[in-house]
Amino acid sequence: MILEARDIKRFYGGFCALDGVSLSIREGEFVSVIGPNGAGKTTLINVLTGFLKPDEGSVLFQGRDIAGKSPEELTRLGIARSFQLVHVFPGLTVLETLQVAVISRLGRGTKWLARLASDREVMKEAMEVAELFGLTPVLNQSSSGLPQGAKKLLDVASAFALRPRIILLDEPTSGVSTADKNRIMRTMVDAAQKMGIRTILQVEHDMDIVFSYSDRIVAVHQGRILADGSPEELQGNEDVICTVVGKKECFQTFQTILEARKATEQ
Amino acid sequence: MLLGIGFLLAAVVWPFVGKEYQVYLSLSFFSYSIALLGLNLLFNYTGLISFGHALFLGIGGYTAAFMTHKYSILSMELIMVVAVLLSGLVAFLTGLICVRYIKIYFAMLTLAFGMLFHSFLMKTYALTGGDEGMHVTQPKLLSMDLSQMDKMSFFSGPYYFYSLVLFLAAAFLMWRIVHSHFGLSLQAIRDNPDKAEYLGVSIRRYRLYAFVISGCFAGLGGALMAPVTGHMDPAMVFWTHSGDMVFMALLGGFSNFFGPMLGSLVFIFLRDAVSSFTEYWRFIFGALLAALVILAPGGLMGLLGRAWASLAGARGSGEQAT
């Protein structure tokens with residue numbers, strides 16, 4: 001088990017956002033957390049990545065309690081994340097953004113007199129990540145001037161550049177046009193494979209994306225786990241479909257997606 | 001590059017062509033510029049604005065006063081080493097508290113520490129001379145005793161070139177810092193601390209490092225300034241002096257590496273010119289600051305950049321037309 005949440009409770013004042021959530025992620029899994037708005041998905045990711053401290057329960061990474069650890073410590077352990085709202089460094093170029101992550105990974109952030117431009121290793125790694133995410137043509141462009149889809153890719157690419165053991169993506173395709181969603185997801189999954197990042201946990205609203213890419217789906221509702229299983233298991237779960245999607249007709253759609261996925265995999 | 005060579009040539013020729021008083025005045029440019037290199041590491045590269053940087057100028061200046069006047073230690077190199085170490089130490093101790101905060105809270109804390117030091121200087125009369133301050137004796141440069149030279153010849157000659165070399169070395173050092181791995185990480189913190197933290201950048205630790213480096217530069221500037229003024233008093237660390245430094249950075253354009261230096265040059269000569277006909281120079285400078293913020297937030301460097309771009313554009317379209 002690479003990441004394990006045990007009986008997590010988290011309150012916002014009197015409101016219980018997570019009510020005894022237990023979740024285990026195995027190495028090599030692609031897990032999607034789904035649920036309606038306000039179900040506690042982002043809180044769960046925030047607790048798992050140290051952004052929020054759980055009020056009760058523990059979070060174990062490779063058997064080690066990491067609840068309340070600083071993001072910097074989590075990064076060093078091999079946990080990376082991206083945010084729901086796109087996070088870039090407006091004053092930095094695409095290349096510089098990726099360099100920040102690579103510098104951090106290599107532990108070179110305190111090199112205060114070395115010429116960054118002469119550090120070939122940092123440059124090479126940053127260029128490799130840019131290449132995998134299709135960002136090479138915009139390498140020297142300011143991050144703030146990129147289209148929304150490219151910003152999202154850069155945000156995720158910089159987290160990937162840390163080469164973590166597990167990556168947690170909070171709605172990686174939110175705010176992106178429907179046409180771009182699949183392209184972005186495909187790029188991410190391919191990049192993860194090439195970079196050896198085997199374990200991904202994502203929060204996602206788009207069910208096409210969820211059913212197309214996940215090994216396992218965890219449905220959250222009112223701060224509790226409603227269901228936890230493979231896409232095949234969940235596509236027939238009426239409770240999940242009605243709660244998360246709100247439409248029974250989606251059964252058919254998900255079945256079609258899964259059949260298409262199986263055909264591609266074969 | 002051409003501008004740099006041009007500046008260097010002008011700086012070397014200046015003591016031979018400028019009036020003695022003007023050359024003397026430009027010594028403040030070197031001291032302030034070194035201090036502003038430090039201030040701008042915080043302001044532009046880390047996104048923290050200090051309203052108490054005169055504290056470090058004061059530490060540097062009073063170090064020179066103590067060493068030369070009280071202990072007759074006249075080696076300028078030793079004075080600078082002690083000034084940098086002391087400023088670094090004070091920056092480290094105050095920084096441990098200040099860097100926990102950002103924006104106005106950081107600014108107010110730095111201002112508070114500056115004013116605490118001001119009160120300390122005022123109240124400890126026996127040690128610091130209180131509001132009367134302390135005399136600064138002319139130091140030895142590279143162990144050379146130049147006390148036989150008259151004051152103005154010393155400052156417009158050996159001390160000028162000594163300051164110029166130090167300024168160039170400090171500018172080169174800061175250039176290396178902002179173009180290093182550390183410099184880029186600071187800029188990431190400035191732009192988006194949350195994101196930087198999740199990329200493994202230790203934001204509080206890096207801010208503290210930046211604060212200490214910044215304090216060291218300001219301390220060095222203060223030590224270099226002390227022999228020029230010949231006297232240190234609490235006005236050196238008063239908050240308006242910190243404000244002057246921020247004003248210089250804004251005037252020149254803090255978002256450009258060279259902007260604050262240009263700002264200090266213009267500030268020093270403009271203040272001299274304005275105060276020669278009115279004692280209300282701060283009134284004029286206040287109006288100038290307001291106009292600057294509204295009309296040219298990029299400062300003089302921003303204006304020069306725009307002028308250069310339109311000139312290049314005009315030339316480009318001229319070439320196209322022909």
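The paragraphs below lead through a predicted model with chains A and B, going from the chains as wholes to their cores and then to a few single residues.

We can begin with chain A, whose fold is made of ten helices and ten strands. Its radius of gyration is 19 Å, close to the 18 Å that the globule rule gives for 266 residues, and chain A is therefore as compact as a globular protein of that length. Measured out along the principal axes, its C-alpha trace spans about 60 × 40 × 30 Å. Of the 266 residues in this chain, 55% are buried, and if we take the contacts between residues at least 6 apart in sequence, 66% of them join residues at least 24 apart. The accessible surface of chain A amounts to about 11,500 Å², and carbon and sulfur atoms account for 47% of that area. Chain A also carries 31 positive and 33 negative charges, and the mean positions of these two groups are 6 Å apart.

Chain B can be read in the same order, beginning with its 15 helices and two strands. For 322 residues, a compact globule would be expected to have a radius of gyration near 20 Å, and the 20 Å found for chain B agrees with this. Its C-alpha atoms fill a box of roughly 70 × 50 × 40 Å along the principal axes, and 50% of its residues are buried. When contacts with a separation of 6 or more are considered, residues 24 or more positions apart account for 76% of those in chain B. This chain exposes about 14,500 Å², with 71% of the area supplied by carbon and sulfur atoms. Among its side chains there are 17 positive and 14 negative ones, and the centres of the two sets lie 10 Å apart.

We can now turn to the interior. The largest nonpolar core has 141 residues, and the members that touch the most others are A:F133, A:F160, B:L41, B:Y159 and B:M174. The element that gives the most to this core is helix α11 of chain B (residues 203-229), which contributes 16 residues. To see the surroundings of one member, consider A:F133: beyond its neighbours within four places in sequence, its contacts include A:L153, A:V156 and A:A157, together with A:F160, A:T187, A:M188 and A:A191. There is also a second, separate core of 28 residues, and A:I2, A:A5, A:V47 and A:L77 are among them.

Some single residues deserve a closer look, and two of them lie in loops of chain A. A:R163 sits in the loop between α5 (148-160) and β7 (166-170), and its phi is near 45°, a positive value in a residue other than glycine. A:E171 belongs to the loop between β7 and α6 (178-195), and it likewise has a positive phi, of about 50°, although it is not a glycine. As for their surroundings, A:R163 counts as partly exposed because its relative accessibility is 31%, whereas A:E171, at 8%, counts as buried.

The last residue to visit is B:R282, which is found in helix α14 (residues 281-295) of chain B. Its relative accessibility is 40%, so it counts as partly exposed. Apart from neighbours within four places in sequence, B:R282 is in contact with B:T240 and B:D244. Its C-alpha atom is separated by 8.6 Å from that of B:R271, which lies eleven residues away along the chain.

Conventions: Residues are numbered from 1 along each chain as its sequence is written. Chains are lettered from A and ligands numbered from 1 in the order in which they are written. This is a predicted model: local features need pLDDT of at least 70, side-chain atom pairs count only at pLDDT 80 or more; totals for chains, interfaces and linings use all residues. Side-chain values use heavy atoms; hydrogens and water are left out. A nonpolar core is a set of buried Ala, Val, Leu, Ile, Met, Phe, Trp, Tyr and Cys residues joined through side-chain atoms within 4.5 Å. Buried means under 20% relative accessible area, exposed over 50%, partly exposed in between (1.4 Å probe, protein chains only). Helices (H or I, at least four residues) and strands (E, at least two) are DSSP runs, numbered from the N terminus. Contact means heavy atoms within 4.5 Å. The radius of gyration is taken over C-alpha atoms; the globule rule is 2.2 Å times the number of residues to the power 0.38. Accessible areas come from the Shrake-Rupley method with a 1.4 Å probe; for residues, only the protein chains shown count as cover. Lys and Arg count as positive and Asp and Glu as negative; His and the chain ends are not counted. The place of a charge is taken as NZ of Lys, CZ of Arg, CG of Asp or CD of Glu.
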